[in-house]
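Trainee: Please take me through one part of this model closely, the metal site, and then place it against the secondary structure around it. I would like one connected account rather than a list.

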Amino acid sequence: MHELSIIQSVVDTVRESARSHGFIRVNKVKLVVGKLTMALPDSLQFAFEALAVDEMFKDAALEIEEKELCCLCTCCQSRFQVNDDYNFICPQCGQGQVDVITGRELYIDYFEGDEG
Ligand SMILES: [Zn+2]
């Protein structure tokens, strides 16, 4: 499952960073996830609850910000949002030559915790 491996690496990264900053507990993790990653927020939450169970993450909450999938047409320069049908054809001019502007994001925005 895609989401499990994403969360595993998020938890590992946060734990390492928290330790090096002297945190004993993590209360909140904010994750930014683009639609093109195909990671489902519900599954990410589920994976977080399953994996973030040790002392440091006991009461931690996961907040997810989803980024819409937006493209820029390289022919007519119009911007458009791609919906769940993943139709990457420009609605203005009908070309399929597009750049993805947002939607590929997958990163930890920040985390909060208590220092020891
Ligand atoms: Zn176009």
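Mentor: A search of the whole structure finds 0 disulfides, which is a useful place to start, since the cysteines we are about to discuss appear as metal donors instead. Keep in mind throughout that this is a predicted model.

The zinc ion has as its protein donors the SG atoms of Cys73, Cys76, Cys90 and Cys93, lying 2.3 Å from the ion. Along the chain these donors follow the spacing C-x2-C-x13-C-x2-C. Around the zinc ion, the 4 donor atoms subtend angles of 106 to 115°, and the arrangement is therefore tetrahedral, because four donors are assigned to that class if all angles lie between 85 and 135 degrees. For reference, the ideal angle for four tetrahedral donors is 109.5 degrees.

The donor residues can also be described by their accessibility. Cys90 counts as buried because its relative accessibility is 3%, and the cut-off for that class is under 20%. Cys93, at 35% relative accessibility, counts as partly exposed, and Cys76, with a relative accessible area of 34%, is partly exposed as well.

From the site we can step to the sheet, since strand β3 covers residues 69–73 and Cys73 is one of the zinc donors. The sheet is open, has 3 strands in the order β4-β3-β5, and is paired in the antiparallel sense. Its edge strands, β4 (79–82) and β5 (98–102), each pair on one side only, and neighbouring strands are turned against each other by 35° on average, with direction ignored. Between β3 and β5 the antiparallel pairing runs over 4 bridges, and within this pairing Cys71 has Val100 of β5 as its bridge partner.

For a view of another part of the chain, turn to Arg15, which is found in helix α1 (residues 2–20). Despite being an arginine, this residue counts as buried, because its relative accessibility is 15%. Leaving aside neighbours within four places in sequence, Arg15 is in contact with Asp54, Met56 and Phe57. Of these partners, Met56 is 41 residues from Arg15 in sequence, while the two C-alpha atoms are 7.7 Å apart in space.

To return to your question, the metal site is thus best read as a tetrahedral arrangement of 4 donor atoms around the zinc ion, with the donors supplied by Cys73, Cys76, Cys90 and Cys93.

Definitions and conventions:
Residues are numbered from 1 along each chain as its sequence is written. This is a predicted model: local features need pLDDT of at least 70, side-chain atom pairs count only at pLDDT 80 or more; totals for chains, interfaces and linings use all residues. Side-chain values use heavy atoms; hydrogens and water are left out. Two strands pair if DSSP finds at least two bridges between them. Helices (H or I, at least four residues) and strands (E, at least two) are DSSP runs, numbered from the N terminus. Axes are lines fitted to C-alpha atoms, for helices over the stretch in contact, and angles run from 0 to 180 degrees between N-to-C directions. Buried means under 20% relative accessible area, exposed over 50%, partly exposed in between (1.4 Å probe, protein chains only). Contact means heavy atoms within 4.5 Å. Donors are N, O and S atoms within 2.8 Å of the metal (3.2 Å for Na, K and Ca); water is not among the atoms, so sites may look incomplete. Four donors count as tetrahedral if all angles lie between 85 and 135 degrees; four count as square planar and six as octahedral if opposite donors are over 155 degrees apart and all others between 65 and 115; anything else is irregular. A disulfide is a pair of cysteine sulfur atoms within 2.5 Å.
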